[in-house]
Every structure is written in C-alpha cells, then in structure tokens.
Amino acid sequence: KEAEMDQMRAHFISNVSHELRTPVTVLRSYIDTLYNYGNEFDYETQKEFIGTINQEIIRLNRMVNDILDFSRLESNMKIEKTLNNISQLVDDCVNQVSVLTKDNNVQIKITKDDNIPEFLFNYDSIERALTNLLSNAIKYSPENNNVDISIRANDETFKIAIHDNGIGIDKKYHGKIFAKFVQLDSAYTKKESSTGLGLTITKELVELHEGKISLVSEVNNGSTFIVEIPF
Ligand code: ADP
C-alpha cells in the first residue's frame, strides 16, 4: 500500500510540475514578445497581451496557493476556531467569485434558514472550502445558468449545499474526487491547467471541523456538493 502511495505521489508531482510549467511558458513568450517587439503593436494588441499575462499570473498564483495550503494540511496544520457568522461568510464567498460569475454569466441564488446561530469555526478555512466549491460550480456550469446555495441548520448541524446545473460528474469518479494525489482524466472535464488539489483541500478543511462533505451528481445532470458541520 505504501509503495502504491509513493507511486501515486510521484505521478502527481510530475503532473503538477507540468501544469505549473504551462503558464510559465505562456508568460515567457508573451513577455518576451512585448519586451522585444512591443512598439510594433498597436495599443489595443499590447493591452490584449497584458490581459493574457494577467490571467496566467492569476492561474499560477492559484496553483501555488493550492500547493502551499495542501502542504500545510499535510504537516498537521492547527486551526483556531472563533465565534463566526456563516451567512456573512457565504456573502463574502459570493463576493470573491463575482468576477467568475460575470465572466460566465452565471447567477447565484441563496436560500437560507432564518436565525442560524453563530458558531465556532475557522473563518479562513471554511471560506476557502466554500469558495473552492462555488468556483467549481460556476466553472462547470453552462452560461446564463443558476448556481444555488442553500444554508440549513438544525439543533446539531449546519448544512450547506452548492448546486449547479452543469456537466455533472460520472459516478465512477465519486470515490476518487476528494482523494489525495488523484486527478481525473484531463480529457474528461478539465478546462484549464490546475493542480486537482482543490477538492482534497476542501475535504481536509471541512474535516478539521469534524464535518463531512458529500457529492450527488450524474453526467449531464448537474452536481450538488454538500458540506455538513456540527455546531
Ligand atoms: P482543481 O483544483 O484542479 O480545479 P478540484 O479538486 O477542485 O480540482 O476538482 C477536481 C475535478 O473535479 C475537476 O477537474 C473537475 O473535473 C471535477 N469537478 C469539480 N467540481 C465540479 C463540478 N461542480 N461539476 C463538474 N465537475 C467538477
């Protein structure tokens, strides 16, 4: 089992290195062209180049953050929980993905129970977990569609479901999708270079709160990711 894990880890590192190299290559060629021949292009073309450079830097930054967060979690990161308001947090997450919602023309609808009490959790961790789920839901949704967030609470647990009407996820991947060092076949759904660490990090952050995450999804029939955390 250990040898199998080592092999998966090695395979994963080589994949991620490849994913990191892609934006760096794009950045080098765009910057090189601008540096050497910039004045041969009109202002609009130069701006377009800089727009691409900016997007690649955002992508690279996201991947580096994934790797750093993952390695922190692997070294048994401790989190501090403070009394926080979950509705406020969901609003912050929606604000964070507003560029993505505009770019994809997706509307986010929130339904929530009244009077959800404040409870002890680590704000940054849960914000990171929900933002991951929300950005995936937007990324894999068709344009002009809805992503629904529902927030429910009973006496013991708080439950948040993020539902999209997108491409869905084949049942054969459900067991693998949160696992460490596992990436789905890139031909299957991947839209852009990424580490495949997003859902692994999300699951680990939820588990640091004694919570659990589950998935209901079928191909071409949308996906719902459900996070449950005890109060
Ligand atoms: P990454 O960090 O590479 O985006 P994630 O761990 O967040 O990876 O997601 C892993 C894979 O799961 C994605 O590449 C995609 O194939 C699939 N996936 C995640 N969320 C959704 C969703 N809402 N709808 C369809 N596929 C999804």
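Two strands pair if DSSP finds at least two bridges between them; in this predicted model, one such bridge joins His163 to its partner Thr224 in β7.

**View 1. The open sheet and the order of its strands.**
Five strands form an open sheet with mixed pairing, and their order across the sheet is β2-β4-β5-β7-β6. The strands β2 (107-112) and β6 (212-217) stand at the edges, and because each has a single partner strand, one side of each is left without a neighbour in the sheet. Neighbouring strands of this sheet are turned by 15° against each other on average, when direction is ignored.

**View 2. Strand β5 and its partners.**
On one hand, β5 (residues 157-164) pairs with β4 (residues 146-153) in the antiparallel sense over seven bridges, and within this pair Ala153 stands opposite Phe158 of β5. On the other hand, β5 pairs with β7 in the antiparallel sense over eight bridges, where His163 has Thr224 in β7 as its bridge partner.

**View 3. Strand β7 and the hairpin with β6.**
Is β7 mostly covered or mostly uncovered? Six of the eight residues of β7 are buried, and the strand is therefore described as mostly covered, buried meaning under 20% relative accessible area. With β6, the strand β7 pairs in the antiparallel sense over six bridges, and the bridge partner of Leu215 in β7 is Phe225. The hairpin of β6 and β7 has five residues between the strands, and Asn220 in this hairpin takes a positive phi near 60°.

**View 4. Two helices that pack on the sheet.**
Helix α3 (residues 86-96) packs on the sheet, where α3 touches β2, β4 and β5, and the direction of α3 makes about 175° with that of β2. Helix α5 (residues 123-139) also packs on the sheet, touching β2, β4, β5, β6 and β7 (223-230), and the direction of α5 makes about 25° with that of β5.

**View 5. The crossing of α5 and α7.**
The axes of α5 and helix α7 (residues 198-207) come within 9 Å and cross at roughly 145°, and α5 passes α7 in a left-handed crossing. Ser125, Arg128, Ala129, Asn132, Leu133 and Asn136 in α5 meet Gly198, Leu199, Ile201, Thr202, Leu205 and Val206 in α7. The residues of this contact between α5 and α7 divide into six nonpolar, five polar and one charged.

**View 6. The nonpolar cores.**
In soluble globular proteins, nonpolar side chains tend to be buried together. Which residues touch the most other members of the largest nonpolar core? Of the 42 residues in this core, they are Ile86, Leu130, Ile160 and Ile162, while α5 gives the most to the core, with eight residues. Leaving aside neighbours within four places in sequence, Ile160 is in contact with Val90, Leu130, Ile149, Ser150, Ile151, Phe225, Ile226 and Val227. A second, separate core of five residues includes Leu27, Phe49, Ile53 and Leu60.

**View 7. Glu44 in helix α2.**
Glu44 has its place in helix α2 (residues 43-74). Why does Glu44 count as exposed? The relative accessibility of Glu44 is 52%, and because exposed means over 50%, Glu44 counts as exposed. From C-alpha to C-alpha, Glu44 and Thr25 are 23 Å apart in space, and they are 19 residues apart in sequence.

Key: Residues are numbered from 1 along each chain as its sequence is written. This is a predicted model: local features need pLDDT of at least 70, side-chain atom pairs count only at pLDDT 80 or more; totals for chains, interfaces and linings use all residues. Side-chain values use heavy atoms; hydrogens and water are left out. Helices (H or I, at least four residues) and strands (E, at least two) are DSSP runs, numbered from the N terminus. Axes are lines fitted to C-alpha atoms, for helices over the stretch in contact, and angles run from 0 to 180 degrees between N-to-C directions. Contact means heavy atoms within 4.5 Å. A crossing is left-handed if the near helix is turned anticlockwise from the far one by less than a right angle, and right-handed if clockwise. Ala, Val, Leu, Ile, Met, Phe, Trp, Tyr, Cys and Pro count as nonpolar, Asp, Glu, Lys and Arg as charged, and the others, Gly among them, as polar. Buried means under 20% relative accessible area, exposed over 50%, partly exposed in between (1.4 Å probe, protein chains only). A nonpolar core is a set of buried Ala, Val, Leu, Ile, Met, Phe, Trp, Tyr and Cys residues joined through side-chain atoms within 4.5 Å.
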